[in-house]
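The following exercises are to be worked with the sequence and the coordinates side by side. Each task is followed by a solution in steps.

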Amino acid sequence: MNRTLASVAVAAAGALFAVQAALPAQASSSSTFNSTSNPILFVHGYTGDASNWNTMAGRFRTDGWPSSYLDQWSYDWRQSNATTAQQLSTEVDRLLTATGASKVDIVSHSMGGLSSRYYLKNFGGTSKVDAWVSLGGPNHGTDSANSCFDTSCTEMRIGSSFLAALNSGDETPGSSRYATWWSPCDTVINPDSSVSLTGADNTQTACLSHTDLLTDATVYAQTRDMINH
């Protein structure tokens, strides 16, 4: 997508995306890194990149996670989410090898939830992922995707064949633990109910924007405690 078209898509879709890093806030001393904590693979959303996670990753470091356990992964957000899922599978294996861990936790934002769910469902990810988190994920589609035309974006449209296949049968397969966070003030994910999954721990946040889900201190603390349970 050229720069002009990308700008139009982002504006029309409400900007699904990149945020500038804020200084990490002090987190509570409870539920911090321990011998059973897993490495975390962060998966950004549409038009995003690894820097989207700077604030959250900084908070995890403050709470004791070593940098080697915090993988702020980047990928080509224009491609099919199925293609991204294949690449994510390789990245999970790399992270497990690098850390010597037996499982990872995945924390995703927006569209990142779709490729990572596809990985769990179709590429054996449930045997390698302990906890999966979706922050503002278009798990059942969003009308914001009607105005952008990358392959990945059309897959986010309500009623797309990609989502129909992804959501068929068990929405939270395997023994992995699933959790979602959704905001009643998220204007990018419409309807709000799109985020929640049957079988997941679904949490409503305060009135936060789509990108605020990446930097809100309460969402961070709840995410940390969920994956570190």
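**Exercise 1.** Which residues are buried in helix α2 (residues 54–62)?

*Solution.* The model is a predicted one, in which local features need pLDDT of at least 70 and side-chain atom pairs count only at pLDDT 80 or more, while totals for chains, interfaces and linings use all residues. Residues are numbered from 1 along each chain as its sequence is written, and side-chain values use heavy atoms, with hydrogens and water left out.

Step 1. Helices (H or I, at least four residues) and strands (E, at least two) are DSSP runs, numbered from the N terminus. Buried means under 20% relative accessible area, exposed over 50%, and partly exposed in between (1.4 Å probe, protein chains only).

Step 2. Within α2, the buried residues are Thr-55, Met-56, Ala-57, Gly-58, Arg-59 and Phe-60.

Step 3. Their cover includes the strands β1 (40–43), β2 (70–73), β3 (104–109) and β4 (129–135), together with helix α7. After the helix comes Gly-64, with a positive phi near 105°.

**Exercise 2.** Identify the largest nonpolar core and the elements that supply it.

*Solution.* Step 1. A nonpolar core is a set of buried Ala, Val, Leu, Ile, Met, Phe, Trp, Tyr and Cys residues joined through side-chain atoms within 4.5 Å.

Step 2. The largest such core has 31 residues, and Leu-41, Leu-88, Ile-106 and Tyr-119 have the most contacts inside it. At least two residues of this core come from each of β1, α3 (81–99), β3, α4 (112–122), β4 and α6 (161–166). Helix α3 gives the largest share, six residues.

Step 3. Apart from this core lies another, of 22 residues, which include Trp-53, Trp-65, Val-133 and Leu-135.

Step 4. For contacts (heavy atoms within 4.5 Å), and leaving out residues up to four places away in sequence, Leu-41 touches, among others, Trp-73, Leu-88, Val-92 and Ile-106.

**Exercise 3.** How many disulfides are there, and which parts does the pair Cys-185 and Cys-207 tie together?

*Solution.* Step 1. With a disulfide taken as a pair of cysteine sulfur atoms within 2.5 Å, the count is two.

Step 2. Cys-148 pairs with Cys-153, at a sulfur separation of 1.8 Å; both cysteines are buried.

Step 3. Cys-185 pairs with Cys-207, their sulfur atoms also lying 1.8 Å apart. This link is left-handed, with -110° about the S-S bond. Cys-185 lies in the loop between β5 (177–182) and β6 (201–204) and Cys-207 in the loop between β6 and α7 (217–227), so the pair ties together parts 22 residues apart in sequence.

Step 4. Cys-185 is partly exposed at 29% relative accessibility, whereas Cys-207 is exposed at 56%. In sequence order of the bonded cysteines, the pairing is 1-2, 3-4.

**Exercise 4.** Describe the surroundings of Asp-150, which lies in the loop between β4 and α5 (151–154).

*Solution.* Step 1. Lys and Arg count as positive and Asp and Glu as negative, with His and the chain ends not counted. A salt bridge requires a side-chain nitrogen of Lys or Arg within 4 Å of a carboxyl oxygen of Asp or Glu.

Step 2. Asp-150 is buried without a salt bridge, and the nearest side chain of opposite charge, that of Arg-78, is 4.9 Å away.

Step 3. A polar contact is a pair of N or O atoms within 3.5 Å; within protein, one must be able to donate a hydrogen and the other to accept it, and residues adjacent in sequence count only if both atoms are side-chain atoms. The side chains of Asp-150 and Tyr-46 make such a contact, at 2.4 Å.
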